[in-house]
Structures are given as structure tokens and as C-alpha cells.
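Trainee: I would like a close look at a single part of this model. Please pick one helix, then show me what surrounds it.

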Amino acid sequence: MAESLSRLLTDLGERSTYDAASQCSRCGYCEQACPTYVATGDESKSPRGRNQIVRLMLEGKLDDKASALEALSSCLTCGACTTACYAKVPVVDIVLEGRRMLRGKTHWLVKAVCRIMITSPRLFAVLLKTGFLLKRFGVSALGRPALRAAGLPVLAAMDAHTREAPFWNLDDLTKSRETPESPSYRYFGPCGPRYLFPRVGVATLSALDELLGKGAYLNNPCCGLLAHNYGDLSDARELARKNIEHAEKNGTERIIGDCSSCVAFLKSYPQLFLKPEDAEWRARAEAFSKRVRDVIEVYGECADKLPAGAAEGVETTYHDSCRAVNPQSLKTQPRRAAQQAAGGSFCEMAGADACCGGAGAFAFVHEELSEDLLKTKIGRAAAVQAGVVLTSATSCLIQLARGFRKYYPDAKVLHLSEFVDEALRKNNGT
Amino acid sequence: MRLDELRAQVAPGSLRSSPADLAVYSYDGAFDRARPDAVLIASSVEDVRRAVAWCAANKIPFIARGAGTNLSGGCVPVNGGLVIALARLNRILSLDAAGRVACVEPGVVNLDLQKEAEKVGLFYAPDPASFRVSTLGGNAAENAGGPRCLKYGVTTNHVLAVEAVMPDGTLAKFSLEDDGPELLSLMIGAEGTLGVLVKLWVRLTPLPVDTRTVLAGFSSIDAAVACVSAIIAAGVLPRALEAMDRPTVESVEVGRSLGYPKDPAILLIELDGDSADCAREAVQVERLCAEAGATTVRAATDPAERERLWEGRRGAYAALARLAPNVLVEDGVVPRDKLPDIVRRIQEIAAKHGVKAYLLFHAGDGNIHPNIAYDERDAAETSRVKAAGHDMLQACVELGGSLSGEHGIGLDKRDAMAWLFTPETLRLFHRVKNAVDPAGLANPDKIFPLPGTKPGLPFIRPPAEALSEYAKLLVDKVRAAPAGAAFRVRGASTRWKDATPEDAVELLTTGLGRIADLDKRNFTLTVETGVSLHALRRELESQGVFVRLPQGGGTLGGLLATRPWAGLREDILGMRVLLCNGDVVELGGKVVKNVAGYDLPRLLLGSWGAFGVILEVTMKLHARPVEAPAAGPAPAPPKFSPWALKVRAAFDPEGRLNPGLAAE
């Protein structure tokens, strides 16, 4: 059994995991918010069901690990249930706790990646570049059967799902960037925009510089979400501490990130330090998370500064990244910006806040269920004849890009940063 | 249990039996839990049919389940068996905008139908609080209500037909268009104890042009209830007439201000219809509120402002759900004029048990929800809360009300049924269940007290008025008849003129002419069924009240028994019925919303005297004339369907009543 948090910060205050799970009255009002329940009609794939499973495990009334794990592993961790819940039961945290209770040792690959992130992020960049070269020359595709045979089907699926693997990462591209004396903001570079979609990171920096004044690249360590969700809490805490220390050394300005999953996790750092002996770190984590903003939040605040209708032309819609709309409640903010820039071309699609099935490793582990959700999402974008779909998390970018290539090549997915930046540039005539 | 045998017959992967699967199908929205032996996540009607047939062959209980939001334990597999989950059967099969009918699978979520209907200017009227998640099959099985049902009626008023997998594994369709007894009404609200609904035809209603909301504050619950009565008496039928007490408002106001008046009682009145009617009625309601002593009256027309007035009501359950892990949402119903009494009784009971009750009620219907927040892990607190809930229901029954207005009886209230129904009536319910499900496999041990168990309390409902002299005569005649003798039930003979066979005992109802109760405060009428329709109409009009009955002559009983118009069912609330074994059973009552037990009063519509002699009927009254067609020519005596014959055997096992009629 992996180490658990055992205490959670809930909407109703700090609670033990058991108390948090017991706050569920089983009313079932979350069920239709849950993409996996709606897709399967299976109570064990519903928030209420998963929550009861963890509760029963804690009560010692359910000891069949395999079936419990099946139910818990199918959770997207999108958090739509908590948004629908009157008592705001933190189902995602409860599910992650359940998975930790069921998990033996962390998978060696996850552990290895986490350790590399902690000890030598540069090595990580080098490994990714190697990966890029393998992909560029088609070697990775040839290697997929070998990966599957080696017990790493997830890596094979990851390779199949990603089209982009740029050689030059964001750190390379921003090498010449000067750090201003008193930066207007600090940019937190999440792994997605940093290594996989550097175009997003470039756009974010450019847009924020324009809107807020010149900022600084924080050159931060990895946020630790991978370790938190799939690995060891000790690794997640180590990365959190590194980030907190790093941020403390770098001014007091707002820290703005452009992957909503990552940002939501940064905002939840205090929950990692609830043990009495961590009191000092808890205070530092609270101060840190107060500085953190999702970039889409900033665009919402600055919507008036965006050139009205500058990006008008192609039908544009917005897909809510789960970790933006649910734990961060960022629903109106990104739309304000998108609407301002898209003018008359902006339209809402049905079920914009339903998960696309990307959800971190979910798309690689539960390929079939993920594909169902993806098809629904693409269908809804197609129903409004969207040419551009905007979003704010790395997982959604990967998943939707794949979905559009496969089912609706008329549309493309962009990070809201790219859209905003382009509107600003158009306005400047560049 | 030879699960493999069933597994081979249903969709791959749809039959589950892992410990986690069984654990998550052990509960619903209520308190109790019990694990099933297996779960079928059905993906077709055929799978449901095969599963039920397999259960029937192997004597295994089966429990149909929609979204599992039931608040009375109805989905809990108390005896194990197979849970049949219907959530995947979620297709709207057709939506006929012109005919205003939708045909749906049972797993369609109420809200999903609403969304589709709205696209063509229609809506589905029943709106239980769970409408965002609960399924139409579950709504029908529970006969769900909701705030809108004051004006539009509960689920049974909107289901036109159902297809069901019966406990023997066969498919059957029941429709309002069927001749003979209303088996459809029997299936609605049967809580899955008579079969599994697998297809429903439901009525859709045109969206109103205009909606207006009025919020009023009163210095006491009594004053608010007096206002409710005044509104109904004025002939205004709001689509919602909701009330809440001060503690409930305060619980919602934690951390935010609603801007509600600080009065002990709040009424929310919502009107809809065409613009002119709406505007006129809104003025009328505001005036009636002021006359009833409202301290504050606020009206809103635009959607945002209306939503603000509703905020306190809509947020109430949410606020309570945050006070403690669990909330007992009790559900009782009393005649409307008894609301002040029940509120006092509830407050006394809460104080006695040391719990705090927050009151929300559908005031127009006399349906009250005392809500008590608690933690089920605290055994002492839980038993106090349960005891308080029981005492509150007992108080409802003592005041002439019922055990449930919309949540169903399920597991939680089955023992309490003995407070509400006489042993004779309970035995009839059991016989009906046995007639349809002789092996007792369909959601067993729900709704009714288990045979042989002793209720904590005996029958406590206020006794019905003594039978009239003439009714007693009929009872004596039945009891005195020689064993096995046939009976011919006869009214004014305007519809069925055949002479009484020589060897039959004639039961002439025309002497049953008493108006037992004309209650202008509750707008209910209890009348004997031998009364002539002309005389009844004259009498009511002279009193300034109206009933929904077609034009035409003959007796009221003859009209009900021959059912020339399906609309008769809309306003039927209760009946007193003489069975051929001499038992007199009391069904339903003076409450306008009641889901305790099978809907036998409606079942008896169209039964042609072959089920029992309807001695007395209780109906809704109206303050304004209501539309009803002229009664057409009397229908010919129907041939009873096989299921009708089975149910008849529960009432009359030897087929003694009107025997010529029901022969196969």
C-alpha cells in the first residue's frame, strides 16, 4: 500500500478521508455529471459508487482489491461530480486515496520519471529529444510492439496518440529572453507547454507580456502532479517543496501557468502538508498557492483589453478543461476572453464542460472508454460546425488534436493562449 | 445460483458479480443497504426479459433499478437476488410534437426528455427534485411528483401506456386505451413489485407563454396556509405553491443573503398560462396574500428575477446536505387544512427526540417534507432521527393524511402501512401482488408489512364515517348470500341493461345516495356511488363547486365502473369498496397526493363491477367549471385481458361478481 494523505482539505473544512467520503449522502445527484457513468450506466463507474467503494474499504467491508481497483482506475478525475454535489464531496481526492491504498509499489517507470524530474530535469529534456528523434524517423512506431511486449502498453499508446514531439523545447526557444528588473508576472512552465507544445508557452509569454507588461520565466521544477496521481506522495511533496522554495526566491508577483491541470495542482499544494509536523510547509504552501493563477483567469480579467473581434472568421467554441472548470471554477473567465476576440464567430457547444477523455494517462490506459468520450465531444463540436476549439490543458490538447484528425479534420484545437496571442498580433499588424 | 446460464443469454460483460459491483448496487438514496447476488446492466429489453424469465425459472428475486435515487429504500435488494439496472436503456424512441407524446426507454433521465421536448415547445410535467438524474422508469415506478404537480398532476397523470416485463418473464402492454380495469394505473407507483417497466409512452404539455412568481412572507404558518386555501378557493391554480419555514431560510442564508423577509413562513407561488390570465391571476394572488396578512409580497416576471425568488427554495436541500453527512427527507401528506396542525405536531416531535426539523412543503398539495440532518455513523443519533421520522408520519396518518406523497413506501415505511390500512385492505394488497407475482420475486418484501409481522402500532387512521344504512344493507346482503352465489351489480341500468340472471343475487346501488363529505376547504368530495349524475351536478353547482365528470345521466358508480372516458381517472382520490367476501376496503383518501400502496381506486375504473362494489368515491373538487366531454354511448362490456383476469382473482377468486362479464 502506497502512502496516503489520510486528511483532505474539503469545501466544508479539513477532514479525514473517511469523514470526507462519509459526507456523501448517496443522493445520486452527481451521477449525470460523471462522464464514465453516463457512458456506461454502471454504478461502479459513478462518483457515488467510487466514493462508497473507498468508504467500504476504509470500513474494512470491501477487501476485493481487483474489483475495487477496476472501479477506481476508471475515474477520469475530472471533478465534475464535486461541482454537482451539494456538499462538494471531494471525490477525486477520495478516489486517489483509494488508488493509493490499493497500489503496491509504484510502477518502476512512473517512479523513474518522477525521480528524473526531481533530480535532473535536464536529463528529462534530453530523453524527450531522443524520443523526438525516434518519432521523427519512425522508429518509435516500429518499437510499439516491443513496448507492449515489455509490459509498457501505456508508452506504446502514448506514442500512438501524440503527433507533435518538437525537438526544440520551450527552454531552448526562450533562451534569449531577458528577465526584466521588476517583472509584471512570473511564468510557470508546465511540462506540456514546455516540452510537448512549446508553441503554447511561447504564445502565453507573448500574450501576457502584451497584456500585463514584461514578465519573467520562472524556470520551475515539475509541479509533481504525475507523482501525486500515479506515484509516491513523497515525490510529490519533494517537488512541491522545490517549487515553493524556488518561487520564494523569485519575487512576490503572481505566478501564471498555462496548463490547467498543473495550475489546479499548484493551488492545492497546502493539502500535501496537513500533518502537524508539516505546519511550517503548510503555511508556505498556502502563501505560494495564493500567488498562483491559471492563465485563462488572467485573460478573463483582461478581456476588455483584447481587440474586439480580431480573430473573427472561423466558428470558434470553447472546451472546458476539467481541472479549470471544476476545482478552479473557471467557467466565465475564458469565455469572456474568447468571446471578445472571436466576436460573432464564438458559439457554445453542448456539454462544453464534459471531459474529453484525455485526463492524463486515462486516454492511454482506458482506451475504449476514452474513445467513447472523445467521439461525443467531437460530435458536439461538429454540431456547431466549429473550426477552432479552444481549451486550457495539455491532456485536452493531445486528446482533441487526435480526435479532430480522426473524426473531424475540419477543426483544430488551440490553447486559449494561442488564440489570444494571435488576436493581439493581428491587432498590432504583426 | 447458476449465473453462467444467464451470462450466456445476455450481452457480454453485462452480468456482474464482483464484490465491488455488488457493493455499489446495495444502496439507493435512503438509509438501508443489502447486497444483491448479481447485477445485470441491461443493454436491451430482450436482456431484461431473459433475465426475468431466468429469475422466474430459478426462483430468484429481481429488483429493477433506474438511477437509484429512491428515498424510501425501494431499490435495496433486501433478499439478495438480481439487480436489473436500466440506466443504459436511455433512448428517447420517438417524440411526436403534434400528438404531444414521447415514447421512451425506462433509463431516460427526466431532464433529457425535458430538453428534447423544449425544442418543440413542449415540456414533461412531473418534476421531482431529482429530475436532473432520476429516470422516467423510476419516476413511473414511484409515481413521482414535484412542485409542478399541483397544477399538472403527478407521474400517473402523464403516462399513457407502458410495456412491462411481467414477473413470469412475458412482455405485456398496458394502455389508457385498453378496455376493462385500468391495469396501467396499477403498474404506475407499484415500485417494481409487479414487473419491470421497459417502455413508456408519456404525455407532453405545451410550454406556457408566461410565468410569474410571487413571494410572500407571513407571521405564522397558519396565516400562510390560510392564504393557500384562499388562493385555491378563488379558483386560481398555481403551477407551484411552495412553503418553507424560517429555520430552512436561515440554513440557506449561511454565508449569503437571499433578501427574503424574516417571517416565520414563506410562500412561493408560481403562475403560468397565457399572458392575460397570468397577469390577472398574479394581481389576484398578490391581493389574496395581502388580505391573508402577508407582511411582504414580491412579484417577478423576468426569468432572472424569478430565479432570485426561487433561490431560497432551490438551495434548501443543498444547504441541509452541508450541515451533516446525511439528511432524512421525510415525506408525509395531510389534508391541506391540517397543515398548521401537522407543523405543530412535527415541531413537538422534533423537540421530544432532540432533533431539528427543517420544513419544506408543497403547500398546495398538503405534502410536507420535514428534513433532519444527521450522521448515519452515529447510531444513537440515527435511531432518534428515525424515531422522529416515524412519529411524524404517524401524526400525518392521525390527521387523516398519508405516509407518502411522492417518495414511495419501499422498505422504510412498509410496516407503517398497517397504521393507514385496515387488515382487510392489506390482505387485498397482498392478494393483488400474489395474483401478478405468485412466486413473490419482483422486488420482494417492499411496500407492505411482511405477513406475520406485528406492526408497532395498530390501525390509527381516523375511522371513516360509518357506512350509510343502505350500504350496510348491501354488505349484509353479500355476507348472507349462499356460498358460491353469483352477484349482479347494478346501478340505474342506463349503460348495461341485461336482466339479472335468475340464480344471481342483485346488488342494486341506486340507494347509495349520500354525500358523505363536501369539504370546501380542501376541495374534496366524498359521495356514495348510487347518486344520479344529474342530481350530483345540481347539488354541487348550488354549492359553487364543480367536478370533472362527463355530461350525461345514470349513476356515478355506473360511470366509474364502465369508464366511458379515460379522463375520469384524473381526479379520483379514494374509494370504499365492498368485496364479494363481505370485506369493505378503504383505498386512498382525502389527500390529493398519495403514493401509499397500489393505486386500486384507479384500477377499479372500468372494472364493470367484476372486482367489487364501489360504495363511495372521493374526488377532487374545483372552484371553477372544468372541461369534460359529453359521455358518449355506453361502451359494450369488455373482454378482460389475461392480466385483468389474474388481478380480478385477487378481488374475487371465484368470479362471483358479474360473472357473465369477465369470462375468458
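Mentor: What follows starts with one helix and then works outward.

First, some ground rules. This is a predicted model, in which local features need pLDDT of at least 70, side-chain atom pairs count only at pLDDT 80 or more, and totals for chains, interfaces and linings use all residues. Residues are numbered from 1 along each chain as its sequence is written, while chains are lettered from A and ligands numbered from 1 in the order in which they are written.

Our helix is H6 of chain A, residues 91-102. Helices (H or I, at least four residues) and strands (E, at least two) are DSSP runs, numbered from the N terminus. H6(A) has 12 residues, and its end C-alpha atoms are 16 Å apart. The expected span is 1.5 Å times one less than the number of residues. That rule also gives 16 Å for H6(A), so the two values agree.

Is H6(A) enclosed or open? It is largely enclosed by the rest of the structure, because 11 of its 12 residues are buried. A residue is buried if 20 or more other C-beta atoms lie within 10 Å of its own, exposed if 12 or fewer, and partly exposed in between, with C-beta atoms placed from the backbone. Val91(A), Ile94(A) and Leu96(A) are among the buried residues. So are Asp93(A), Glu97(A), Arg99(A) and Arg100(A). By the class rule, Ala, Val, Leu, Ile, Met, Phe, Trp, Tyr, Cys and Pro count as nonpolar, Asp, Glu, Lys and Arg as charged, and the others, Gly among them, as polar.

What do the buried residues of H6(A) pack against? They pack against S1, helix H1 (17-22), H3, H4, helix H5 (80-84) and helix H14 (225-230) of chain A. Contact here means that the C-beta atoms of two residues, placed from the backbone, lie within 7 Å.

Follow S1 next. Chain A is divided into domain 1 (7-102), domain 2 (108-297) and domain 3 (303-428). These bounds come from an automatic or database domain assignment. The centres of domains 1 and 2 of chain A, taken over C-alpha atoms, are 27 Å apart. Their contact takes 6 residues from domain 1 of chain A and 4 residues from domain 2 of chain A. On the domain 1 side, strand S1 (residues 7-10) gives the most, with 3 residues. That side has 3 nonpolar, 1 polar and 2 charged residues.

Now follow H3 and H4. Chains A and B also touch: 26 residues of chain A and 29 residues of chain B take part. On the chain A side, the elements giving two or more residues are helix H3 (47-58) and helix H4 (65-73). The chain A side divides into 10 nonpolar, 10 polar and 6 charged residues.

There is also the largest nonpolar core, with 351 residues. A nonpolar core is a set of buried Ala, Val, Leu, Ile, Met, Phe, Trp, Tyr and Cys residues joined through C-beta atoms within 7 Å. Residues with the most contacts inside this core include Ile53(A), Cys227(B) and Leu267(B). Helix H8 (residues 221-233) of chain B gives the most to this core, with 9 residues. Leu267(B) touches Cys227(B), Ala224(B) and Val228(B), among others, leaving aside its neighbours within four places in sequence.

For comparison within chain A, take helix H23 (residues 394-407). It has 14 residues and reaches 20 Å, close to the 20 Å expected. H23(A) is mostly covered, with 11 of its 14 residues buried. Leu397(A), Ile398(A) and Phe404(A) are among the buried ones.

Step back to chain A as a whole. It has 24 helices and 9 strands. Its C-alpha atoms fill a box of roughly 65 × 50 × 50 Å along the principal axes. Of its 430 residues, 54% count as buried. The radius of gyration is taken over C-alpha atoms, and the globule rule is 2.2 Å times the number of residues to the power 0.38. For 430 residues, a compact globule would be near 22 Å; chain A has 21 Å, which agrees. Among its contacts between residues at least 6 apart in sequence, 76% join residues at least 24 apart.

Chain B has 20 helices and 26 strands. Buried residues make up 57% of its 664 residues.
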